[in-house]
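Work through the exercises below with the sequence and the coordinates open beside you. Each task is followed by a solution that proceeds step by step.

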Amino acid sequence: MKEAIVAANWKMNKTVAESTDFAQNLTKKILKLTGVELILCPPFTSLFPVWEILKNTAVGVGAQNMFFEESGAFTGEISAAMLLSAGCRYVILGHSERRHVFHEPDELIKKKIDVALQANLRPIICVGEKIEERNANQTADVIRRQYESTFAGMSMEDARRCIIAYEPVWAIGTGLTATPQQAAEAHALIRDLLADQYDRALADTMPILYGGSVKPANAQELITAKGIDGFLIGGASLVEDKFVSIAEIVEKNLEK
Ligand code: PGA
């Protein structure tokens, strides 16, 4: 069955107490959501306490970043084993804030993705163009470059465990959203690249999420666009009611 995923990227928001309050409240509200996988990606400090609350529920916990080395003198970094030990099953890699604020190049992101897969963490791999790239008609080139770097040499088995998030950089945290058509075009391009490298079945079943100013008011329109399997949500995921109502909208559209 095709996966539908709604993931919360809290970025650098929420203390431990705020995170655990959210997780507690969420457990009361998600009981009737069955077909959608929910994933919370809190800051590192909240991973373990949030997992302790959610471990007996269907809600998964993911990290927002990871380093590729196993251990050693890498001040400020965190390893795959540490994330696993805190209950994580997912890790966001290649988020545009990592790419553009912290200048992470494609090669670094690729190393992290490979190590996450080896460690049995499912990577949520973000791709997307900047506004100047869209305006210069380079959207497809940028997505292709990020795709190629991500999947170079990757086995079919590993590719099957990846989740992709198409997040146009100009839509993140700006209140601007891609139109359903712009999102559908990007998702179709990614699926064509997957079908060329692997096969159509893998391309069609890979969960490809949209991210960029998703909120309850635009989720319905976006989820009905072709090829959108859910969302990676920043700002709106910080508020339980908004996060839950977006998940409910995705669930209602499951068999589109
Ligand atoms: P946003 O962030 O929903 O606040 O635009 C999305 C993201 O960065 O993943």
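The exercises concern a predicted model, and they move from the ligand to the nonpolar cores and then to two single residues.

**Exercise 1. Describe the surroundings of the ligand, and state which polar atoms approach its oxygen atoms.**

Step 1. Begin with the shell, in which 13 residues surround the ligand, and those that come nearest are K11, H95, E167, G173 and S213.

Step 2. Sort this shell by residue class, which gives 4 nonpolar, 7 polar and 2 charged residues.

Step 3. Look next for short polar distances: an N or O atom in the side chain of H95 is 2.6 Å from an oxygen atom of the ligand. With S213 it is a polar backbone atom that lies 2.7 Å from a ligand oxygen, and a polar backbone atom of G234 is 2.8 Å from an oxygen atom of the ligand.

Step 4. Finish with the area: the ligand taken alone exposes 280 Å², of which the protein buries 96%.

**Exercise 2. Locate the largest nonpolar core, and find which helix gives the most to it.**

Step 1. Recall the general expectation that, in soluble globular proteins, nonpolar side chains tend to be buried together.

Step 2. In this model the largest nonpolar core has 73 residues, and L40, F151, Y210 and F231 are those with the most contacts inside it. The helix that gives the most to this core is α9, spanning residues 180-197, with 8 residues.

Step 3. Take L40 and set aside its neighbours within four places in sequence; its contacts then include W10, F22, L54 and F243.

Step 4. Note also a second, separate core of 12 residues, which includes I5, I92, I124 and L209.

**Exercise 3. Decide whether S96 and G35 are each buried or partly exposed, and place them in the fold.**

Step 1. S96 belongs to helix α4, residues 96-101, whereas G35 sits in the loop between α1 (16-29) and β2 (37-41).

Step 2. The relative accessibility of S96 is 9%, and S96 therefore counts as buried, the cut-off being under 20%. G35 has a relative accessibility of 22%, so G35 counts as partly exposed.

Step 3. Compare the contacts, leaving aside neighbours within four places in sequence: S96 is in contact with V101, V169 and I172, while G35 is in contact with A4, E251 and L254.

Step 4. Lastly, relate G35 to I78, which is 43 residues away in sequence and, from C-alpha to C-alpha, 32 Å away in space.

Note on methods: Residues numbered from 1 in each chain as written. Predicted model: local features only at pLDDT ≥ 70, side-chain atom pairs only at ≥ 80, totals over all residues. Heavy atoms only, no water. Near = heavy atom within 4 Å. Polar contact = N/O pair within 3.5 Å; in protein donor to acceptor, adjacent residues only side chain to side chain. Areas by Shrake-Rupley, 256 points an atom, 1.4 Å probe, with all protein chains shown as cover. Nonpolar A, V, L, I, M, F, W, Y, C, P; charged D, E, K, R; others polar. Core = buried A, V, L, I, M, F, W, Y, C linked by side-chain atoms within 4.5 Å. Buried < 20%, exposed > 50% of the residue type's maximum accessible area, 1.4 Å probe, protein only. Helix = DSSP H or I, 4+ residues; strand = E, 2+ residues; numbered from the N terminus. Contact = heavy atoms within 4.5 Å.
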